[in-house]
Each structure stands twice: as structure tokens, then as C-alpha cells.
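Subject: Structure for your review

Hello,

Here is the structure I said I would pass on. Please look it over first; my notes on what was found in it follow below.

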Amino acid sequence: MRTLRNLAVLSLLSLTALGATGGIHGKVNGGPPPKAMPGAFPPPPPRSVVWAIGPAHYTPVASKTYTLDQKWTAFQPHVLAVPVGATVVFHNNDTVKHNVSWKAIGGNRALAKNLGNAAPGQTLSFRFTHPGVVHLRCTLHPDMSAYIVVVPTQYFTTTQRSGSYQLKGLPAGHYRVVAWHEGRQQQTRTVAVGSSTTTVNFNLSK
Ligand SMILES: [Cu+2]
């Protein structure tokens, strides 16, 4: 058993030395999609976010920008994943005034922020330097809600509507793979990534 494990460690080490990259793929089951309001179209199932934290030190990105729209009195997309250090530009692409604020980042209320209001056509922006889930709200429209998941790694993705995901180009090594889905408990798995693709599925509970 020990020999086998040593062999596995050895092959992982040689793969690292060769600069080999592998991948992780799988599916996140975040539970049933939200119920439709009476007479309304059923909303699409929300997407999950998956990220992998490896052995290499992560340096926050210095200048990477993501856009989050406000249109039809909704944040679009509803779930956005960004790496630590990224700037998010909130674009009011609507015909009415909107606000952008959050009460915490990763549960830390000291990181609460109100960016203020933006008139139609205007933008607000913020650089996220702390990892964690940010629940966005608009103080002018209490029904407006979205999530930014700020991750301390460059290996992250937002799942397909089906829950499928794929992380590619990961240097060989051991990774902590984390899955997040709105309203569910976050889950972490530890996997060894070699030169092939490792399957990691998640079943998230409330
Ligand atoms: Cu609004």
C-alpha cells in the first residue's frame, strides 16, 4: 500500500517536473431549480461556481475587468465568478436608476459596501481584494439580487445550466476543489491532479 502511494507521489512529482497539466471535470448538483411565480415563466436554474486551489502561490490579478449588467430590473448574470484582484464594472443598462451594495464579503461584515446609485447609462466599479461570496443588492429594488464569488485562484469556472463543469490546464499537484451554489452548503474535496482528467462530482445540500 505504502509502495503504491510512494509510486503515486513519485509519478506526481515527475509530472510536476515535466510541467504536465491535467484537468478536473464533473457535475454539481445544486438541488431543484427555483419555483416559478404564478403565471410567470420558470426561471432558469442558477449556475454553480467551482474553483481549485493548488500548491502554487496565487498572486491577485492586477488589472482584470469583468462586467455585470443591470437590465430589466435584474443583475445579469445572476452569478459571476472572479479572481481576487479583479475589478467588476457595474453597468446600468436599464431605463431606471439602480444601486449596488452588499452587506458582507465571505460573511465578513467589515467588508460591507454601498457603491451608491447609478443613473441609466452610468457605471460603478469596485476592485475585489478579499476572497468570498458577495451577495449583491440594489437598495432601490429589494427583489434585485446577484452573487459575485471572489476566488483566490486562476482555476475557476461557472457551471453550465446542467451543472457540468471543466477546469483545464492545472499543473500537476494536489488541489482543494470547492463548489458553491446559491442557498446550499459549500463543499470542498481534495484531489490529486496528474496528466489526465480527474472527475469530481458534488451533491450540495441545504
Ligand atoms: Cu435597482
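Two strands are said to pair if DSSP finds at least two bridges between them. By that rule strand β3 (residues 65-71) and strand β6 (residues 87-92) pair, in the parallel sense and over 6 bridges. Within this pairing, the bridge partner of Q70 is N92 in β6. Please keep in mind that this is a predicted model.

Overall make-up

The secondary structure comes to 1 helix and 17 strands. Along the principal axes, the C-alpha atoms fill a box of roughly 65 × 40 × 25 Å. The protein has 206 residues, and 28% of them are buried. If contacts are restricted to residues at least 6 apart in sequence, 63% of them join residues at least 24 apart.

Domains

The domain assignment gives domain 1 (1-30 + 45-57 + 156-206) and domain 2 (59-152). Between the two, 10 residues of domain 1 are in contact with 10 residues of domain 2. On the domain 1 side, β2 (49-53) and β12 (156-158) each supply at least two of the touching residues. β2 gives the most to that side, with 3 residues. By residue type, the side of domain 1 that touches domain 2 divides into 6 nonpolar, 2 polar and 2 charged.

Nonpolar core

The largest nonpolar core has 40 residues, and V50, A52, V82, L136, I148, V149 and V150 touch the most other members. Strand β11 (residues 141-151) contributes the largest share of this core, 6 residues. Where does the core lie with respect to domain 1 and domain 2? Both domains give residues to the core, so it lies between them.

V50 can be followed further through its contacts. Leaving out residues up to four places away in sequence, V50 touches V28, F156, T157, T159, Y165, L167, V177, V178 and A179.

Sheet and strand pairs

The β3 and β6 pair described at the start belongs to an open sheet of 4 strands, in the order β4-β3-β6-β9 and with mixed pairing. Its edge strands are β4 (74-76) and β9 (123-127), each of which pairs on one side only. Neighbouring strands of this sheet are turned by 25° against each other on average, with direction ignored.

A further pair is formed by β7 and strand β8 (residues 113-118), in the antiparallel sense and over 5 bridges. In this pair V100 stands opposite G116 in β8. Strand β7 (residues 98-102) is mostly covered, with 4 of its 5 residues buried.

K113 lies in strand β8. Is K113 buried or partly exposed? K113 has 13 other C-beta atoms within 10 Å, and a residue is exposed at 12 or fewer and buried at 20 or more, so K113 counts as partly exposed. Not counting residues up to four places away in sequence, K113 touches S101, W102 and F126. As a distance check, K113 and V193 are 80 residues apart in sequence and 38 Å apart in space, C-alpha to C-alpha.

Backbone points to check

Some backbone details may be of interest if you set up a calculation.

- The peptide bond from Q76 to P77 is cis, with omega near 0°. P77 lies in the loop between β4 and β5 (79-83).
- W72 has a positive phi of about 55° although it is not a glycine. W72 is found in the loop between β3 and β4. With 9 other C-beta atoms within 10 Å, W72 is exposed.
- T73 also has a positive phi of about 55° and is not a glycine. T73 is found in the loop between β3 and β4. T73 has 14 C-beta neighbours inside 10 Å and counts as partly exposed.

To recap the main points: the model is predicted, the domain assignment gives domain 1 and domain 2, and the largest nonpolar core lies between these domains. The open sheet runs in the order β4-β3-β6-β9, and the loop between β3 and β4 holds W72 and T73.

Regards

Conventions:
Residues are numbered from 1 along each chain as its sequence is written. This is a predicted model: local features need pLDDT of at least 70, side-chain atom pairs count only at pLDDT 80 or more; totals for chains, interfaces and linings use all residues. Two residues are in contact if their C-beta atoms, placed from the backbone, lie within 7 Å. Domain bounds come from an automatic or database domain assignment. Ala, Val, Leu, Ile, Met, Phe, Trp, Tyr, Cys and Pro count as nonpolar, Asp, Glu, Lys and Arg as charged, and the others, Gly among them, as polar. Axes are lines fitted to C-alpha atoms, for helices over the stretch in contact, and angles run from 0 to 180 degrees between N-to-C directions. A nonpolar core is a set of buried Ala, Val, Leu, Ile, Met, Phe, Trp, Tyr and Cys residues joined through C-beta atoms within 7 Å.
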